[in-house]
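Good morning, colleagues. Please look at the structure on the screen while I describe its central features.

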Amino acid sequence: MSVIYAIAAVWLAVYTLNSFVLTFLCWRRRRGDPRAPALSRYPRVTVQLPIFNEAHVVERLIDAATRMRYPADRLQIQVLDDSADETTSLARRRVAYHRARGLNIELIHRYHRTDFKAGALREGLREASGELIALFDADFLPPEDFLLRTVPHFLGRPRLGFVQARWGHLNQGYSSLTGAQAIALDGHFAVEQPARFRCDLFLNFNGSAGVWRKECIEEAGGWQGDTLCEDMDLSYRAQLAGWEPLYLRDVVCAAEIPPQIHAFKNQQARWAGGSISCALKLWPRLVRAPGSAFRRIEALIHLTSYLVHPLMLLVLALSVPLLHQRQPVALPLTYLSVASLGPPTMYLFAQRSLYADWASRMRHFPLLVLLGTGLTLSNSRAIHRAVTGRSDGFRRTPKFSLEGRGDDWKRSSYALAFDWMAVAEALGALYALLGVAIALDRGNFFAAPFLMLYVLSFGYVAS
């Protein structure tokens with residue numbers, strides 16, 4: 001048992017230490033975005049807006065898309081609607097309004113959800129007239145100059161497959177929960193993505209706020225629905241097929257952060273299961289991919305990074321019986337504690353590089369620590385189901401059009417009901433509390449704070 005415990009701790013340390021690696025690479029290769037050439041011509045662009053039951057935000061999204069500056073005769077907008085509620089009628093009225101203004105905009109409604117978002121994008125692509133495809137999820141507000149700042153990069157670069165912009169936040173100040181999530185997102189978009197791009201590592205498309213070359217999508221095999229991370233899947237397949245990615249840190253597209261803890265857990269579980277599905281699907285091609293061994297290893301670490309949660313769960317599960325048997329746990333916890341400084345370093349670096357008021361924003365970091373640990377059970381379940389081929393399907397993250405503290409989401413029909421996973425998380429908190437009591441009884445004061453973190457984390461996400 002102690003051997004398994006030590007292996008789990010070392011494996012977990014690999015992922016946390018990788019945060020140090022990416023932060024160092026980002027710092028070492030710090031520079032601005034590549035300069036975009038002048039627009040000598042305007043390629044045809046199709047803007048795709050995939051939506052599913054988004055009554056609170058669909059009109060806002062459509063209006064924002066129509067405000068983007070680009071020649072009207074070179075622009076097509078597709079509202080890809082899979083909704084089964086009043087969203088469809090709201091979208092249809094807004095599309096009719098903009099069509100009457102002379103815009104090339106259409107609603108494509110499906111009465112089924114085959115392959116979920118991937119299926120909607122695939123169906124829209126059949127009718128897309130653009131050589132470039134811009135994508136925005138329902139909770140995003142593309143800035144007016146988005147296309148003018150992204151499209152020029154495709155000119156003169158025939159193998160540029162996709163461009164990913166940085167996500168901003170519409171409501172990070174809404175609550176401590178949204179503030180904590182904003183820190184996590186900033187770590188990804190201000191450190192991980194720039195480091196991967198600047199060091200020629202595999203870069204993932206984030207599903208929204210980006211532009212694809214249609215030829216790249218088709219040559220890479222198109223949108224496929226066999227994972228719940230169709231964006232990561234396609235971006236990796238495109239790079240394996242020889243297409244180049246581009247990440248623009250200074251082009252920012254703001255989005256809404258989930259204000260409900262259950263919605264956040266659903267989102268993270270979908271990303272966890274989806275990324276592991278991508279790893280299982282793509283690893284044979286990745287290990288044979290051209291380039292350095294470091295590039296391949298980083299890709300595998302990237303695709304499997306959500307394994308931190310089952311590893312954390314295993315460490316917790318084994319800690320209590322080992323403490324009861326007076327087995328040594330201090331050494332693995334020591335190097336795991338040192339390695340765990342990697343993510344805080346990355347998040348701090350991201351906040352300092354983005355905001356003048358970074359110190360104030362970091363006040364939400366302790367809550368992010370609780371969230372990261374508290375997701376252990378729900379994400380482990382999602383990963384287990386992905387590995388065993390029993391996916392829960394697409395569980396949407398509801399959006400509520402929240403921008404100010406006075407906005408309310410609790411009375412919305414989209415608010416998620418009680419999740420029975422909370423019962424398992426409450427039991428997990430009690431189990432960790434038992435470990436704290438045993439650690440204190442055995443005089444193992446080093447292990448007690450580690451186990452207390454699980455108590456607080458499981459207690460918070462179960463609430």
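Which residues have the most contacts inside the largest nonpolar core? They are Val-47, Phe-136, Leu-147 and Trp-212, in a core of 69 residues. A nonpolar core here is a set of buried Ala, Val, Leu, Ile, Met, Phe, Trp, Tyr and Cys residues joined through side-chain atoms within 4.5 Å, where buried means under 20% relative accessible area with a 1.4 Å probe, protein chains only. Strand S8 supplies the largest share of this core, six residues. Apart from this core lies another, of 33 residues, including Val-308 and Phe-450.

I should state that this is a predicted model, in which local features need pLDDT of at least 70 and side-chain atom pairs count only at pLDDT 80 or more, while totals for chains, interfaces and linings use all residues. Residues are numbered from 1 along each chain as its sequence is written, and side-chain values use heavy atoms, without hydrogens and water.

Let us turn to the sheet. Eight strands (DSSP E runs of at least two residues, numbered from the N terminus) form an open sheet with mixed pairing, in the order S3-S2-S1-S4-S7-S6-S8-S5. Pairing requires at least two DSSP bridges between two strands. Strands S3 (105-109) and S5 (140-141) stand at the edges with a single partner strand each, so one side of each has no neighbour in the sheet. S1 (residues 45-51) and S2 (residues 75-81) pair in the parallel sense over seven bridges; Val-45 has Leu-75 in S2 as its bridge partner.

Finally, Phe-136 touches, among others, Val-47, Leu-61 and Cys-253, contact meaning heavy atoms within 4.5 Å; residues up to four places away in sequence are not counted.

Terms used:
Helix = DSSP H or I, 4+ residues; strand = E, 2+ residues; numbered from the N terminus. Buried < 20%, exposed > 50% of the residue type's maximum accessible area, 1.4 Å probe, protein only.
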